[in-house]
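Me: I am new to this structure and would like to understand the reasoning behind its description. Please take me through it step by step.

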Amino acid sequence: MNKKAFIFDLDGVIVDTAKYHFLAWQKLANQLGIHFTHEHNESLKGVSRVRSLEIILALGNVQATEAEKNKWLVQKNEEYLSYLVTMDEKELLPDVPRVLAFLKEHQQFIALGSASKNARPILEKTNILHYFDAIVDGNDVSNAKPDPEVFIRAAHLVGVSNANSIVFEDSVAGIQAANTAQMISVGIGDPLVLHEAQYNFKDFTSLEDAFLEKLIN
Ligand code: BG6
Ligand code: MG
C-alpha cells in the first residue's frame, strides 16, 4: 500500500482566513498612517506575523522600538482573533471536507504545514482536527517559508520521504518551499501568481478525485 503525505497550508487553503488577516493588518496600518492595500497584502501571504509587521512598517517608512512592535503584534492578533470567535465549519473553503475525507478513505497521511500560531484552534473550531496525522505550525519552526523546514518536519513526522509528499499552498513563498524540498507542489488560487507550482487549481472544487488518485498511485 502506497502511503503518501498530503501536506496542507492553512490560511487561504483550508479556511478563508486571509481576509481576516488583511482586515486586522489594515486596521493597524491605518492607525499608523500607512496606506495598505490588497496588493500589498499578497506579499504577506504565508509570511510570519513578525515579518509581516516589518514589511508593513517598511512600507510606511515607520521606525519603531521593540516594545512598540510587540504591542502592535499583540494588537493585530487580538483583532484577528476577534474575527474567529464565531468561526465554525462554514468557514472551510469549498470542497475541503471532500478532499480530506477522500484522502482518509484511501488511508493517506494528512498533515498541516502552516506559519500560523493560531492553527490548532482553527482546526478545532472548523471540526477537522481529527483528520490530521501531524501538525506543524508557527510554534514549531524557526525558519519561515520559503524555507522548507515546515513541510520537511511534517513529512518527517508521518515518516514519508519528501519525494512522496504533496503540498497544497496559496502563497508564492509556500510553493517555493515545497519545490525546494522536492515535494510535489499544488497551487490553490491564481495560476498566474502561483506559476511556480507543478499543478494549479483555482480552488478544490476544480480538483477532482481522479487527480488525488493519480497522486496516490
Ligand atoms: C500564514 C498567513 O498562514 O500565517 C499569514 O498566510 C500570517 O498571513 C501567518 O501572518 C501567521 O499567522 P498567525 O495566525 O500566527 O498570526
Ligand atoms: Mg496560506
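**Around the ligand**

Reply: In this predicted model, 14 residues surround ligand 1, and the closest of them are Asp11, Arg49, Ser116, Lys117 and Asn118.

Me: What makes the pair formed by Ser116 and ligand 1 a polar contact?

Reply: A polar side-chain atom of Ser116 lies 2.7 Å from an oxygen atom of ligand 1, and because a polar contact is a pair of N or O atoms within 3.5 Å, this pair counts as one. By the cut-off of 3.5 Å, Asn118 also qualifies, with a polar side-chain atom 2.7 Å from a ligand 1 oxygen. For Gly46 a polar backbone atom takes part, at 2.8 Å from an oxygen atom of ligand 1. The protein covers 96% of the 390 Å² of accessible area that ligand 1 has on its own.

Me: How do you know that ligand 1 sits in the largest pocket?

Reply: A molecule is said to sit in a pocket if more than half of its atoms lie within 2 Å of the pocket's grid points, and ligand 1 is assigned to the largest pocket, so it meets that condition there.

Me: Which parts of the chain supply the shell around ligand 1?

Reply: Helix 3 (49-59) and helix 4 (66-84) each supply at least two residues of the shell, while domain 1 (5-16 + 90-216) and domain 2 (18-84) each contribute at least three.

Me: Why are 5 residues of this shell called charged?

Reply: They are called charged because that class holds Asp, Glu, Lys and Arg, and by class the shell has 5 charged residues, along with 4 nonpolar and 5 polar ones.

Me: What is said of the backbone at Asn61?

Reply: Asn61, in the loop between helix 3 and helix 4, has a positive phi of about 55 degrees although it is not a glycine.

How values were computed: Residues are numbered from 1 along each chain as its sequence is written. Chains are lettered from A and ligands numbered from 1 in the order in which they are written. This is a predicted model: local features need pLDDT of at least 70, side-chain atom pairs count only at pLDDT 80 or more; totals for chains, interfaces and linings use all residues. Side-chain values use heavy atoms; hydrogens and water are left out. A residue is near a molecule or strand if one of its heavy atoms lies within 4 Å of it. A polar contact is a pair of N or O atoms within 3.5 Å; within protein, one must be able to donate a hydrogen and the other to accept it, and residues adjacent in sequence count only if both atoms are side-chain atoms. Accessible areas come from the Shrake-Rupley method with a 1.4 Å probe; for residues, only the protein chains shown count as cover. On a 1 Å grid over the protein atoms alone, a cavity is a set of points where a 1.4 Å probe fits but cannot get out, and a pocket is an open set with protein on both sides within 12 Å along at least five of seven lines; lining residues have an atom within 4 Å of a point. Helices (H or I, at least four residues) and strands (E, at least two) are DSSP runs, numbered from the N terminus. Domain bounds come from an automatic or database domain assignment.
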